[in-house]
Amino acid sequence: MDISGLLADLVGNTPVLWVPELWSGGERGFWAKLEGYNPGGIKDRPALHMVAEARRRGALRPGAPIIESTSGTLGLGLALAGVVHGHPVTLVADPGMEPLMRRLLLAYGTRLEIVAEPYREGGWQAARRARVRELMAGAPGAYCPDQYANPDNAAAYAGLAAELTAQLGRVDVLVCSVGTGGHSAGIHRVLREHSPDVRLVGVDTVGSTIFGQPARPRLMRGLGSSIHPANVAYDAFHEVHWVAPAEAVWACRRLAAARYATGGWSVGAVALVASWLARREPPGTRIAAVFPDGPERYFDTVYGDAYCAEHGLLDGKPEPEPEELPHPAAAEAERWTRCAAVTRPAGAAS
């Protein structure tokens with residue numbers, strides 16, 4: 001029996017759930033694609049695809065090590081890919097990684113390195129990527145998927161787009177968190193073949209530089225960036241929203257109580273924006289929101305009262321409407337903020 005093949009078959013075909021908008025719980029709402037039903041979350045898809053494609057091209061030889069930077073979810077996917085394809089996996093993270101995620105990654109057989117300090121330019125991500133380069137230099141034959149710039153990352157989501165089409169038929173609005181830019185770019189590109197007028201709404205975190213805001217320390221993991229990932233398809237976005245951590249926590253907990261479905265920072269931020277769209281868009285608009293993971297890894301953070309109290313996250317019920325910016329650099333977003341003028345920031349790869 002091919003056990004590795006059976007493991008890979010666990011990825012994909014995740015369900016969708018109708019979610020009433022979070023403020024009133026009325027008739028309007030959105031469809032949530034529950035990627036937490038994958039073994040490790042949404043990034044199981046690109047991890048398996050990037051590794052398989054690297055092996056097919058000969059960039060990754062049998063048994064060679066895989067080395068990558070991660071805040072967590074891709075690490076779980078690469079741990080799975082390592083088992084499926086027979087590769088040792090080394091992951092470079094930073095102190096912000098959730099305690100449970102560290103334990104899970106070690107339990108799944110990965111080697112985990114934690115960088116000590118952020119870089120002045122590029123923050124923790126730059127520090128992690130620099131450590132990856134050092135490790136690669138000392139490991140001839142090693143492969144780095146480079147999730148931020150690898151086009152195989154975006155291509156991995158063709159299957160998810162096909163699933164949404166089969167499950168929902170038409171999609172009018174697609175709501176995605178943005179970190180590496182992979183799933184927003186990949187799903188939207190394929191979804192347009194069946195829903196040519198679909199609008200892409202990006203969800204970022206305050207303090208992220210992806211869409212041209214100034215960089216500052218970020219509490220939320222999984223969305224946002226202190227660099228400009230090459231996979232971000234800036235031209236595809238209809239609008240972008242920035243969400244603050246307390247607002248995401250409120251949405252996660254509200255979602256759990258209302259629909260018995262929830263996840264981490266990205267899920268809360270996406271649910272908040274999708275709920276607002278459900279109230280704002282004309283009746284009958286079909287909104288699909290991608291929930292990247294489940295709640296398990298966030299017990300010590302999003303669902304930890306002591307952690308949330310320490311960081312001032314327990315009284316963060318959002319205002320019913322976002323702040324509005326005429327362009328991303330007009331002002332620094334401090335709370336939930338929307339901008340309908342998405343442009344490629346200076347310094348972002350074209």
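**A mixed sheet and the spaces between two domains**

In this predicted model, C176 stands opposite G202 in β7. The strand β6, which covers residues 173-177, runs parallel to β7, which covers residues 199-205, and the two are joined by five bridges. Helix α8 packs on the sheet, where it touches β6, β7, β8 (237-243) and β9 (287-291), and the direction of α8 makes about 165 degrees with that of β6. A further helix, α9 (residues 245-259), also packs on the sheet, in this case touching β1, β8 and β9, and its direction makes about 105 degrees with that of β1.

The sheet itself is open and consists of eight strands with mixed pairing, arranged in the order β1-β2-β9-β6-β7-β8-β11-β10. Its edges are formed by β1 (16-20) and β10 (323-325), each of which pairs on one side only. When direction is ignored, neighbouring strands of this sheet are turned against each other by 25 degrees on average.

Attention now turns to the open pockets. The largest pocket has a volume of about 700 Å³, and its lining is made up of 40 residues, among which D94, W124, R218, M220 and R221 lie nearest the centre. Because domain 1 (3-37 + 151-338) and domain 2 (43-138) both give residues to this lining, the largest pocket lies between them. At least two lining residues are supplied by each of the helices α3 (73-85) and α5 (123-137), and α5 provides the largest share, with four residues. In character, the residues of the lining of the largest pocket divide into 15 nonpolar, 16 polar and nine charged.

The second largest pocket holds about 330 Å³ of space and is lined by 19 residues, of which P39, G40, G41, L76 and Y108 lie nearest its centre. The elements that give two or more residues to this lining are α3 and α4 (99-107), and α3 gives the most, with four residues. The lining of the second largest pocket comprises ten nonpolar, five polar and four charged residues. This pocket, too, lies between domain 1 and domain 2, because both of these domains give residues to its lining.

In addition to the pockets, a search of the whole structure finds one cavity of 30 Å³ or more. About 210 Å³ of space lies in this largest cavity, and of the 23 residues that line it, I42, K43, H183, G222 and P292 are the closest to its centre. Two or more residues of the cavity lining come from each of α3 and α8 (182-191); the latter is the helix that packs on the sheet and touches β6, β7, β8 and β9. The residues lining the largest cavity divide into seven nonpolar, twelve polar and four charged. As domain 1 (3-37 + 151-338) and domain 2 (43-138) both contribute residues to the lining, the largest cavity lies between them.

The helix α3 therefore recurs in the description of these spaces, since it gives at least two residues to the lining of the largest pocket, two or more to that of the second largest pocket, and two or more to that of the largest cavity. The position between the two domains likewise recurs, for the largest pocket, for the second largest pocket and for the largest cavity.

Notes:
Residues numbered from 1 in each chain as written. Predicted model: local features only at pLDDT ≥ 70, side-chain atom pairs only at ≥ 80, totals over all residues. Heavy atoms only, no water. 1 Å grid on protein atoms, 1.4 Å probe; cavity = no way out; pocket = protein on both sides within 12 Å on 5 of 7 lines; lining within 4 Å. Points joined across faces, edges and corners; volume = space filled by probe spheres on them. Nonpolar A, V, L, I, M, F, W, Y, C, P; charged D, E, K, R; others polar. Domains from an automatic or database assignment. Pairing = 2+ DSSP bridges. Axes fitted to C-alpha atoms, helices over the stretch in contact; angles between N-to-C directions. Contact = heavy atoms within 4.5 Å.
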